[in-house]
Amino acid sequence: MDILALNETLVTYLFGTSIIAIVLGVYFFMKFRQARRTISLISEADKTGKRNPLLLHPQFDLAACIGCGVCTKVCPEGDVLGLVNGKVAIVHGARCIGIGECARECPVGAIIIGLGDISTRDDIPQLSENLESNIPGLFVIGELTGMALIKNALAHGTSVIDHIHATGSENAHVVIIGAGPAGMTAALRCIEKKIDHTLVDQGAPGGTILHYPKRKLTLVQPVKLPLYGTLNKGEYTKEKLLEMWLHLITKYKINLKEPYRLTAIDKTETGFIVKTDKSDIPCTHVLLALGRRGTPRKLNVPGEMMEKVAYKLIDASTYNDNNLLIVGGGDSAIEAAVGLAAQHGNKVTISYRKENFFRIKKRNEDQINDMIKRKKIDAIFSSQVTEIHEDKVILKKGEDVIELPNDYVFVFAGGIPPFSLLHEIGIRFGEVVESKVDVN
Ligand SMILES: Cc1cc2nc3c(=O)[nH]c(=O)nc-3n(C[C@H](O)[C@H](O)[C@H](O)COP(=O)(O)OP(=O)(O)OC[C@H]3O[C@@H](n4cnc5c(N)ncnc54)[C@H](O)[C@@H]3O)c2cc1C
């Protein structure tokens, strides 16, 4: 090999290694920057209390995680997960609603969706793998178990009735309390399996869906509904879902009693007596499908009884040219504020007792921050409503008293969940056996 050829090889070699070194340098720099950003997000989320998951959330097998980051990109809620030191980590656990894209897309199966360690929690009933409580014959299904989402509610409703059917249901009478997605599904499955049933609800059928804002698009992962078939469109409007429930109630003659409010359950030798505010219903099995909304929490301030005070917003477009106060800082409050601010001539103020918005979806956080910046919405943090009058509201912020002109007040202060009723019934909390109901 002559000198010229050797030089050429050397130059090519040096050029090649330099390119590789630059590419690797850029790659590691990007990784480093990404990890630093994630660590700063985690520390921020820790401070604001957004890191701890509430209900269903991803749990990892870190030994199996290859740090590809697919899980961090597919999450529709955004920033629930991040990568630190080449491994997945929880960033905003409170934003997780258990959709499970991360688990489905993980190429090495290192993620499962579950409730994690709930031994110290007093809001998750202790259930067997068939969702039976510590009281034999009394089951808990749907969101009350700690598992949100319509697909889980439907899977629970079907599987519990299948379990009752498999264990002998010739003389069974099942009382299902709650006509949301879980209870409705259980009732349909009873009809399909020819099991005697009564479905009761304190309000109208539809459950939480009834309280969604008008035309809200609801994401429903493909799931089978007894006597109907598979819900596989991906997105349904609130109205479409409700129309479907009402149609099924009439078509299959669901034995629905409403408005009947559950007040107590007594155990008898042969089953139960379900006590409601209207009548007592004897039965062999009870399914509690009460959801977690409970009754809306009130402000307990003078003027709250006025008609202008509401605890939900169904149709923002009916409010124009009004002074409006939203009380609360969760997702429902933010969605209502954004919806109302988009209508003609409204002046929207949010009063929130905390220092910042806490545990809200990324999409809502971005939207509200943008609207506050553009002065479309005013947010008064660390404030409380003290009085409501015909044409004004009075807020207190520290020592300051703030008076605002007002036409309507919307209170989104959460609900009082039905846990005390469950305690009275004798249901134990806090030690869940992983459910064997297939919700995937
Ligand atoms: C704003 C919002 C948006 C959502 N969007 C989606 C979405 O896009 N996709 C999705 O999959 N999930 C979504 N969810 C979650 C979903 O709505 C719930 O997970 C689902 O409705 C739970 O069904 P459930 O039958 O367990 O309870 P619920 O739907 O809450 O129904 C419970 C029923 O029990 C009744 N009840 C309660 N107490 C009593 C009593 N003492 N006596 C008699 N009846 C009683 C209630 O009146 C109610 O009808 C959303 C939730 C909210 C709040």
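How many residues does helix α1 have, and what distance does α1 reach from its first C-alpha to its last? Helix α1, residues 3-48, has 46 residues and reaches 67 Å, close to the 68 Å expected at 1.5 Å a residue. The expected span is 1.5 Å times one less than the number of residues in the helix.

This is a predicted model, in which local features need pLDDT of at least 70 and side-chain atom pairs count only at pLDDT 80 or more, while totals for chains, interfaces and linings use all residues. Residues are numbered from 1 along each chain as its sequence is written. Helices (H or I, at least four residues) and strands (E, at least two) are DSSP runs, numbered from the N terminus.

Two of the 46 residues of α1 are buried, so α1 lies largely in the open. Here a residue is buried if 20 or more other C-beta atoms lie within 10 Å of its own, exposed if 12 or fewer, and partly exposed in between, with C-beta atoms placed from the backbone. Gly49 follows α1 and has a positive phi, near 75°.

The domain bounds, which come from an automatic or database domain assignment, give domain 1 (3-114), domain 2 (138-294 + 418-425) and domain 3 (309-416). The C-alpha centres of domain 2 and domain 3 are 33 Å apart. Between them, five residues of domain 2 are in contact with nine residues of domain 3, where contact is C-beta atoms, placed from the backbone, within 7 Å.

Around the ligand there are 33 residues, of which Gly142, Gly178, Gly180, Gly207 and Gly291 come nearest. A residue is near a molecule if its C-beta atom, placed from the backbone, lies within 6 Å of it. Helices α4 (150-166) and α5 (181-192) and strand β8 (217-219) are the elements that give two or more residues to this shell. By class, the shell has 17 nonpolar, 11 polar and five charged residues. Ala, Val, Leu, Ile, Met, Phe, Trp, Tyr, Cys and Pro count as nonpolar, Asp, Glu, Lys and Arg as charged, and the others, Gly among them, as polar.

Ala179 sits in the loop between β6 (173-177) and α5. Ala179 is buried, with 28 other C-beta atoms within 10 Å. Leaving aside residues up to four places away in sequence, Ala179 touches Met184, Leu199, Asp201, Pro205, Gly207, Leu256 and Glu258. Glu258 is joined to Pro259 by a cis peptide bond with omega about -5°, and Pro259 is in the loop between β12 (256-257) and β13 (262-267).

Two residues other than glycine with positive phi are tabulated below.

| Residue | Phi | Loop | C-beta neighbours inside 10 Å |
|---|---|---|---|
| Lys194 | near 60° | between α5 and β7 (196-200) | 9, exposed |
| Ser382 | about 50° | between β21 (377-380) and β22 (383-388) | 13, partly exposed |

Strands β14 (residues 272-276) and β15 run antiparallel and are joined by four bridges; two strands pair if DSSP finds at least two bridges between them. A hairpin of three residues connects β14 to β15. Lys275 has Asp280 of β15 as its bridge partner. In β15 (residues 280-283), Ile281 and Cys283 form the covered face, and Asp280 and Pro282 the uncovered one. In a regular strand the side chains alternate between the two faces of the sheet.

Conventions: Two residues are in contact if their C-beta atoms, placed from the backbone, lie within 7 Å.
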